[in-house]
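Got your viewer open? Let's walk through this one stop by stop, selecting a few things at a time.

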Amino acid sequence: MEKIFQKLALSSASLVFILLVGIFITLYITAKPAIDEFGFNFITNSDWNKDVALESAPTTELTDSDDAMILDEDDIMLEDEDDMMLDDEDDISTKTIYGGLVPIVGTLLTTLIALAFSLPIAMGIAVFLAEIAPKNISNVVGVAIELLAAIPSIIFGMWGLYYFAPIIADLFGGYQVSLLTAGLVLGVMILPFMAAITRDSMNTTPAVLKESAYALGATKFEVIKDIIFPYSKVGIIGSIILALGRALGETMAVAFLIGSIFVLPSKITDPTISIPVAMANNFGEASGLGESALFYLALILFIISFAIISIAKFYFLKRAN
Amino acid sequence: MPVLNIKKFSFTYPGVDHPSLKDINLPIKRHKITALIGPSGCGKSTLLRSMNRIHDLYPGNKYEGKIEFTDTDKNISDILDIKKENEFIELRQKIGMIFQKPTPFPMSIFDNVAYGLKISGVKNKTELADRVEIALKGSALWREVHDRLDKSAMGLSGGQQQRLCIARAVAVKPEVLLFDEPTSALDPISTGAIEELIVELKKDVSIAIVTHNMQQASRISDYTAFMYLGDLVEYNKTENIFLNPQEKKTEDYITGRFG
């Protein structure tokens with residue numbers, strides 16, 4: 001009985017590991033054609049699904065006055081439009097290139113905006129709940145925070161698009177759907193996680209440690225700044241990293257708000273696209289190299305998220321020791 | 001004139017009907033060590049924690065009576081009258097406290113000792129360094145830590161941490177130090193070092209110490225108060241309490257018949 005139980009527990013545990021490695025391997029295999037084709041240039045290239053002339057190909061399809069070797073931007077744009085109706089596969093003189101720079105930048109920037117927006121607010125909420133509010137208020141607000149965390153992301157997306165985005169556009173100008181709107185709504189979504197975890201780790205500060213600071217004549221602010229924050233630093237960093245992990249992978253709410261175009265934003269009120277949104281929007285029609293490129297993006301997102309969660313784990317382990 | 005004079009003092013915790021301390025009258029004499037002894041739950045820590053109003057971090061306590069504090073300039077004030085935060089800060093700079101477990105702050109050894117000075121407005125680097133050195137020497141810790149002042153205080157042993165906490169409290173030059181069972185978490189050797197240090201300190205400060213350990217009270221204190229179930233049963237010179245107790249309860253306790 002003891003043996004069977006141990007085996008069962010072991011196999012459940014190894015299932016997780018097998019799944020993790022399995023997902024990584026499948027992602028890699030499916031992304032392989034795109035990795036072979038584009039290599040690391042994929043990360044620095046901002047063109048997605050764009051046809052360019054093959055360097056060795058004859059230039060017959062182009063207008064006579066043009067030299068294929070020194071195409072300038074406008075010509076490529078024109079050519080793009082001309083080729084809309086053509087099938088990529090049959091067009092021997094051009095190839096379609098995929099670069100991941102726009103969605104990668106979009107993902108990182110929305111996450112950064114979300115973090116910059118929500119971090120100070122989350123810290124404020126946590127300090128209020130852990131140290132300032134009386135018990136009964138703290139409990140009520142605590143429950144409200146946890147409910148906020150339970151709202152499905154599509155609701156955030158719809159709310160953001162219909163009510164939040166116009167306000168942002170009024171305040172900051174530019175488009176309603178933009179990096180900024182997506183980042184701010186994402187910030188609202190990760191806020192409850194950060195606030196709740198930070199509050200919990202602040203609550204682990206031993207009462208006697210706070211008392212000894214008060215006994216030296218410290219004010220509440222000094223105790224929070226000098227004792228509670230340093231003491232719960234590890235937990236706070238952990239909460240930030242977990243929130244980051246969630247922000248990086250969020251699809252639905254961002255899909256509503258980011259604008260979904262493969263263009264590098266020049267300012268934060270510009271629309272762009274993020275990795276999960278690129279995958280969700282383009283997966284249906286993708287085939288061949290395009291599909292593979294999406295998997296390449298997925299692999300990159302997987303690696304970023306995995307790295308971030310690993311760092312979080314590392315911190316939590318360090319704390320446990 | 002005692003530095004603290006507790007008069008007809010009663011204390012009730014929030015949400016409790018009967019008071020935890022009833023009609024206490026007790027002087028804490030200047031440059032003497034006053035020990036508070038008694039079985040668990042007798043209210044000795046509650047009394048100690050009233051003297052710097054650390055109870056007030058948690059709302060809803062009821063005080064009655066007076067705790068008169070006479071400072072070095074002979075000004076008398078009632079500690080129980082204090083209501084404003086800046087008055088609490090002033091009070092706690094004059095009446096320091098050492099807790100049961102060592103409570104080093106999550107910062108370096110130097111910053112721990114300098115903390116009370118910094119928050120009271122001392123900014124001058126050399127003055128800080130001087131006063132930290134004096135406090136650490138005064139707590140018999142300087143020799144052990146002078147070459148690693150910038151290291152985390154968490155790396156010190158339990159006994160060293162407790163001496164660090166004493167240095168931290170001493171650095172702000174308080175008039176009274178309250179010790180709440182300062183050695184109950186320490187080994188015998190560290191305990192000895194702390195006891196020596198406390199006796200050394202009474203040159204500069206007046207001391208009240210709560211202890212479970214009757215030998216400790218008899219070794220270091222000048223006066224002893226025996227408390228039982230919220231009452232102050234007997235207060236006298238330490239030798240009288242231990243050699244010639246007036247009350248039956250005191251005698252039963254110090255001879256180990258209960259407690």
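By about how many helical turns are Arg131(B) and Glu127(B) separated in helix H4 of chain B? Select both and look: these residues sit four apart in H4 (residues 125-138), so about one helical turn separates them. (Helices, H or I of at least four residues, and strands, E of at least two, are DSSP runs numbered from the N terminus.)

Before going on, a word on what you are looking at. This is a predicted model, in which local features need pLDDT of at least 70 and side-chain atom pairs count only at pLDDT 80 or more, while totals for chains, interfaces and linings use all residues. Residues are numbered from 1 along each chain as its sequence is written, chains are lettered from A and ligands numbered from 1 in the order in which they are written, and side-chain values use heavy atoms, with hydrogens and water left out.

**Stop 1: salt bridges in chain B**

Stay with Arg131(B) and Glu127(B): their side chains meet in a salt bridge, 3.5 Å from N to O. (A salt bridge puts a side-chain nitrogen of Lys or Arg within 4 Å of a carboxyl oxygen of Asp or Glu.) Arg131(B) is buried at 19% relative accessible area, whereas Glu127(B) is partly exposed at 36%. (Buried means under 20% relative accessible area, exposed over 50%, and partly exposed in between, using a 1.4 Å probe and protein chains only.)

Next, pick Glu144(B) and Arg163(B), another salt bridge, with the closest N and O atoms 3.0 Å apart. Glu144(B) belongs to helix H5 (residues 142-145) and Arg163(B) to helix H6 (residues 158-171) of chain B, so this pair ties together parts that are 19 residues apart in sequence. Here Glu144(B) is partly exposed at 30% and Arg163(B) is buried at 11%.

Then try Lys203(B) with Glu200(B), a salt bridge whose closest N and O atoms are 2.9 Å apart. Lys203(B) is exposed at 57%, and Glu200(B) is partly exposed at 46%.

**Stop 2: where the chains meet**

Now show both chains. The contact (heavy atoms within 4.5 Å) takes 19 residues from chain A and 24 residues from chain B. Color Glu211(A), Ala215(A) and Leu216(A): they supply 37% of the area that chain A buries against chain B, more than any other three residues. (Buried area is the accessible area, with a 1.4 Å probe, that two parts lose on being put together, summed over both.) For the whole interface that area is about 1700 Å², with 70% from carbon and sulfur atoms.

Zoom in on Glu211(A) again, since it forms a salt bridge with Arg49(B), the closest N and O atoms being 2.9 Å apart. The count between the two chains is one salt bridge. Which helix gives the most to the side of chain A that touches chain B? That's H8(A), with eight residues.

**Stop 3: inside chain A**

Hide chain B and find Asp270(A), in the loop between helix H11 (252-257) and helix H12 (275-282) of chain A. Asp270(A) is buried, at 10% relative accessibility. Leaving aside neighbours within four places in sequence, Asp270(A) is in contact with Tyr175(A), Ser178(A), Leu179(A) and Pro265(A).

For a last selection, take Glu146(A), Arg199(A) and Asp200(A), which are linked in a network of salt bridges. Then zoom out: chain A has 13 helices and two strands, and 43% of its 321 residues count as buried.
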